[in-house]
Amino acid sequence: MSDEKFDIPEELASATLPTLLTAESTIRFRCHKGISCFNDCCRAADITLAPYDVLRLQRRLGMNSEQFLKNHTVPFQLERDGVPGIKLRTDNEGACLFLDPEKGCTVYEDRPTVCRYYPVGLLAMRRKDSSVAEQQYSLVVEEHCKGHEEDRELTVAEYRKEQGVEEYDEFNREWYELILKKRSGGPGVGKPNEMSLQLFFMASFNFDMFRKFVLSDNFKRTYDLPQQTYDELEQNDEALIKFGYRFMRQVLFAEMTIPEQKDAWDRRVQERKAVWQARAEAEIARRNAEMEKAMREETLGEECNTDSCGDRD
Ligand code: SF4
Ligand code: SF4
């Protein structure tokens, strides 16, 4: 283990590496309502959200994606090339908006992955010679958290089961792999353009808008998918999000994960040709206007730069 090399998320690369835990590692921890620090962790909440977190919370709150994103999240940069992420919005003091001082978490059954894991940290890693992400864990020990002093030992695997993270990890796995691939892909992967970043955000978090996008005529003219797939994407949120992972591979890494219509490339070339032609014509018109102005100034004098000057004797 010690001489194996990993590509790790960049925020860990420069810091002291935490002790890595596996699913079989034992931790000592217990969190419960009667503990003296109850809710302290939620009063300084820094919760990054993954797609399944958003789906569970927006369903729980009966909101559409737009409403949820607007009311309950703030944007941040997930990765150095500007890949966009979101965090849970807090109040001005940093407390989670879902925290009730008396009752605790008001969305407990649908709380995000990060909340479920705490104080265990999830580290998605990839060996240098592998394309598959592996899960490792770390233990976060913060002074305010008294759960580490409780008399209970359990393995990370048991803790994950107890906290219900398996379902979340299973659903988000492909998305974590996308981020990891982007981070550790090196210069060959390249910096995504603005349009790719917007598509990434939409497919990751704004599911209603993504649904409209994939059901649009334009999308259907470009991609070659059976009607049955479109029906499923229309009705099933989980299928839509997983389809989004496929789509993001295409957008970020140019992997042909979704078959294109046979004439899609030709049509795109034609459309681009039309755009280039329009741009070239606009550029020629601009230069002609400049040239005309320069000629007028040359023949009528520099002080004359309005159309009416042409009328003087
Ligand atoms: S979602 Fe719940 S558990 Fe997570 S920070 Fe907010 S109140 Fe705490
Ligand atoms: S024991 Fe830790 S996780 Fe539980 S309420 Fe206290 S600070 Fe939060």
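Okay, let's start with a question: which residues are around ligand 1? Going along the chain, we have Cys-42, Ala-45 and Ile-47, then Cys-96, Phe-98 and Leu-99, and after those Cys-105, Val-107, Arg-111, Pro-112 and Cys-115. If you sort that shell by class, ten residues are nonpolar, one is charged and none is polar.

Before I go on, please keep in mind that this is a predicted model.

Now for ligand 2. Its surroundings include Cys-31, Ile-35 and the run Cys-37, Phe-38, Asn-39, Asp-40 and Cys-41. Tyr-118 is there too, along with His-144, Cys-145, Lys-146 and Gly-147. The class split for this shell is seven nonpolar, three polar and two charged.

Okay, stepping back to the whole chain. There are 313 residues, and 20% of them count as buried. For secondary structure, we get twelve helices and nine strands. And if you take the contacts with a separation of 6 or more, 70% of them link residues 24 or more positions apart.

Last stop, a pair of helices. H6 covers residues 165-184 and H11 covers residues 237-253. Their axes come within 10 Å and cross at roughly 10°, so H6 is roughly parallel to H11. Who makes the contact? From H6 it's Glu-174, Trp-175, Leu-178, Lys-181 and Lys-182, and from H11 it's Tyr-245, Met-248, Arg-249, Leu-252 and Phe-253. By class, that contact has six nonpolar and four charged residues, with no polar ones.

That's it from me, thanks!

How values were computed: Residues numbered from 1 in each chain as written. Chains lettered and ligands numbered in written order. Predicted model: local features only at pLDDT ≥ 70, side-chain atom pairs only at ≥ 80, totals over all residues. Near = placed C-beta within 6 Å. Nonpolar A, V, L, I, M, F, W, Y, C, P; charged D, E, K, R; others polar. Helix = DSSP H or I, 4+ residues; strand = E, 2+ residues; numbered from the N terminus. Buried ≥ 20, exposed ≤ 12 C-beta atoms within 10 Å, placed from the backbone. Contact = placed C-beta atoms within 7 Å. Axes fitted to C-alpha atoms, helices over the stretch in contact; angles between N-to-C directions. Parallel < 35°, antiparallel > 145°, perpendicular 65-115°, else oblique.
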